[in-house]
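Colleague: I am new to this structure and should be grateful for a close look at one part of it. Could you please describe one pair of packed helices and the sheet beside it?

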Amino acid sequence: MSESSAGRTVSGEDEVVDLCRDLIRIDTSNYGDHSGPGERKAAEWVAEQLAEVGLEPQIFESHKGRASTVARIEGEDPSRPALLIHGHTDVVPANAADWTYDPFAGEIADGCLWGRGAVDMKDMDAMTLAVVRDRMRSGRKPPRDIVLAFLADEEAGGLYGARYLVDKHPGLFEGVTEAIGEVGGFSFTVNENLRLYLVETAQKGMHWMRLTVEGTAGHGSMTNNDNAITELCEAVGRLGRHQWPVRVTKTVRSFLDELSDALGTPLDPDNMDATLAKLGGIAKMVGATLRNSAAPTMLGAGYKVNVIPGQATAHVDGRFLPGYEDEFFADLDRILGPRVKREDVHGDKALETDFDGKLVDAMQGALKAEDPIARAVPYMLSGGTDAKSFDDLGIRCFGFAPLQLPPELDFAGMFHGVDERVPVDGLKFGVRVLDRFIDNA
């Protein structure tokens, strides 16, 4: 704790909610193009919070308005490898008409802070800022150097954020060997004696693609056996309905073993419907890590109702498991058939690391200290994060943004969903855990 300018004792727990509210109120919607409304403003706001407690943050603008903030905290032993704590400030867009509360108002209701980014991932940004500000004000150095990175553009692949910094300014991460970031460390209550905290140790790879079929253009009233729309829709239908085979990776096997032990019952990977039925709100998140997947997301063709177009297009969000990329592409081309041309839109690798080492011990210890019934377990994220870029620098990455959640909250549904919200008590819990974690990381 420390003294504020008004003489009142202020801790990280005291200010984390206000920090998160202020950040939510900066509309950093990422529309997937060159624009990034609000990202520069958010970068400057973050820099102000860090500079206020004596750090020297730098702002890096990769494109007009696309800005990230980076700072380094000197540790007690600068000779030790450094730790990276990274988060992104951009969010996916939100339609206010669909929400209970304005998604950019930062309302507090029912014990939660509501708003776009509340869990993805301005909560972790705020928790990190709260812990760092408290430690700087009270003069508590971390055991080793910590690099802080608040990044643009994660929601569209990170080209203007993490990827830009890794490619153009790798020296910022000199000496960093490990990192923590989003979508991990959240709780799943098994019973009154056990809460699992899922730490992300793996991510599926990404392949966004554009599918094109060329056909014969003509009048809508004429018979046409070479209709591009028909051919494409049949291929997209096959892809969308395809049942990809279950593939149990190292991380998923570890998670299922831990879950089996926690539930006191064996889990059969070949009967995953029964397994997923026991997972409540995280079933969709875990279920997506059992298979490769390819979800059709966009269709486009034609310009007039009585004209058969000569071309039809579709976009597909493909995800592949670590070690199964070649199988994914082979299956994909077989399902689509020879008439469909496939083009890359954006791709990134899969990641997987072991669930061991001093950093993992620090996570488990910090969680256990704040929640006596906590058990940290590894899991795979079905999506991707900025960790993919940092992995290129040889940095071992984990998802660890600790939150203790009420069992009834559909946490997986909060990501990119309507009425995204985070429990206020969860934010304060995360501050306490992160602070303890840093002491032993």
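Modeller: Helix α3 (residues 122–137) packs with helix α13 (residues 424–440) at an angle of about 55°, their axes being 9 Å apart. This is a predicted model, in which local features need pLDDT of at least 70 and side-chain atom pairs count only at pLDDT 80 or more, while totals for chains, interfaces and linings use all residues. Residues are numbered from 1 along each chain as its sequence is written, and side-chain values use heavy atoms, without hydrogens and water. Helices (H or I, at least four residues) and strands (E, at least two) are DSSP runs, numbered from the N terminus. Axes are lines fitted to C-alpha atoms, for helices over the stretch in contact, and angles run from 0 to 180 degrees between N-to-C directions.

α3 and α13 are therefore oblique to each other; angles under 35 degrees count as roughly parallel, over 145 as roughly antiparallel, 65 to 115 as roughly perpendicular and the rest as oblique. In the contact (heavy atoms within 4.5 Å), residues of α3 including Met124, Met127 and Val131 meet residues of α13, among them Leu427, Val431 and Leu434.

α13 also belongs to the surroundings of a sheet. Three strands form this open sheet in the order β6-β7-β21, with antiparallel pairing; two strands pair if DSSP finds at least two bridges between them. Its edge strands are β6 (108–109) and β21 (421–423), each pairing on one side only. β7 (residues 112–114) and β21 pair over three bridges, and Trp114 stands opposite Arg421 in β21. α13 packs on the sheet, touching β6, β7 and β21, and its direction makes about 65° with that of β21.
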